[in-house]
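Hello,

Here is the structure I promised to pass on. Have a look at it first, and then read on for what turned up.

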Amino acid sequence: MSDPFSFAVQHRTQPYSETRYWRLEPAGSSAAERQYSAADQQSLAEAAAILAGGGTVAFPTETVYGLGADARNTAAVEAVFAAKGRPSDNPLIVHIARREQLGGLVSDIHPAAAALMDAFWPGPLSLVLPVRPGVLSPRVTAGLDTVAVRMPDHPAALALLERSGCPVAAPSANRSGRPSPTAAAHVMEDLAGYIGGVLDDGPTGVGVESTVVQVQPDGTAVILRPGGITAEQLSAVAGAVAAEPSGEPGGAAQAGGVDAGGDSSPAPRSPGMKYTHYAPQGSLSIVSGTSPQRAADTAAALLMEARGRGEKTGLLLFEEHRVLYSDDAADYIVSLGPLAALEEGARSLYSALRYFDEVSADYIIAEACPDSGLGSAIMNRLRKAAGGSVVRTD
């Protein structure tokens, strides 16, 4: 019998006539500083009750907004896949509020993994660990014997997780394949009417998803997905760090391995290792080269060709290179900020891609950035959004 979730399309599995919406009041940036009003306490309680009752709730983390469900409840987890239109062989990350919860979910923690938790939890780091049999829904692990777990560094997320009383499986709260949501408005745009509620606590901080790491028996930390914690930061704690193939379309594998392939490849060990993600509706290509001027000239020529075809054009650049383009190089020009401060680019990347949808851009060129530090996460997302389409000028 075929699995109806193997090739998912967005649909409803729960009878939501409308999606609840709760807006929290602005407050301190850390859990220790956060003082919730009576209204906020009520909002958190209502959202937590939906999760505990088998429903779905989108909530903010420090990376992006996540769409949560009780990780032990298969029907609830299937509602997440259905709302997103997410293929079922793409595993989910389980979010916890306290490290003590780990013992009930995983069977072993390598000392190097424990050291990474000490250094980066709460924070944008997910660790793939051996799962305890029968504890989580098999939909969460995609049938694997491991599960990715993280503790988010966001006061509202931690408060919601604590109140729900359950481990929460939560991918990004967007329609599958679309740019991830960094604001509650993005969630409503993609998922209103498909989920139980949205907890709005303003824009997220990091802007790209967590780094996913699996520690090998020899203590090497293998990066399955680059994200908010860089390889350099990991290396300072774990010592040996290696990169895993990204599985990006077009064979754009990361250093340290071979391409993980397209949709016919085995179930990935981590979210983000398979399928095209983060894509705008228009065609996106990346221009890459060691000479910024040559890359800019190539980008400008491609954009001019697209205009000649009658297409509406967009250009995604870094601030240092703005002077290399004419003011009318594209119909819409968006800066990701300076190369010297890639945290700004990471924070604004998904909003920029969604902006091009808002203006109905047909053809978009994005500049590449150095594939190191936080730039590894930015380039990983751009390559997936572009379906592996990279124009090299060297």
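Let me start with a pair of helices: H3 and H7 are oblique to each other, because their angle of about 120 degrees lies outside the 65 to 115 range for roughly perpendicular and is not over 145, the cut-off for roughly antiparallel. Please keep in mind that this is a predicted model. H3 covers residues 111-120 and H7 covers residues 231-238, and their axes are 9 Å apart. The crossing of H3 past H7 is right-handed.

Which residues meet there? From H3 come Ala 115, Leu 116, Ala 119 and Phe 120, while H7 brings Gln 233, Leu 234, Val 237 and Ala 238. Sorted by class, this contact holds 7 nonpolar residues, 1 polar residue and no charged ones.

H3 also leads on to the largest nonpolar core, which has 32 residues. Leu 116, Trp 121, Leu 125, Val 140 and Val 213 have the most contacts inside this core. At least two core residues come from each of helix H2 (74-84), H3 and the strands E5 (125-130), E6 (146-150), E9 (211-215) and E10 (221-225). H3 is the top contributor, with 5 residues.

Val 213 is a nice one to click on. Beyond its neighbours within four places in sequence, Val 213 is in contact with Leu 116 and Leu 234, and also with Leu 125, Ser 126, Leu 127, Val 128, Ala 221, Val 222 and Ile 223.

Finally, another core of 29 residues lies apart from this one, and includes Leu 342, Leu 349, Ala 366 and Leu 382.

Best wishes

Terms used
Residues numbered from 1 in each chain as written. Predicted model: local features only at pLDDT ≥ 70, side-chain atom pairs only at ≥ 80, totals over all residues. Heavy atoms only, no water. Axes fitted to C-alpha atoms, helices over the stretch in contact; angles between N-to-C directions. Helix = DSSP H or I, 4+ residues; strand = E, 2+ residues; numbered from the N terminus. Parallel < 35°, antiparallel > 145°, perpendicular 65-115°, else oblique. Left-handed = near helix turned anticlockwise from the far one by under 90°. Contact = heavy atoms within 4.5 Å. Nonpolar A, V, L, I, M, F, W, Y, C, P; charged D, E, K, R; others polar. Core = buried A, V, L, I, M, F, W, Y, C linked by side-chain atoms within 4.5 Å. Buried < 20%, exposed > 50% of the residue type's maximum accessible area, 1.4 Å probe, protein only.
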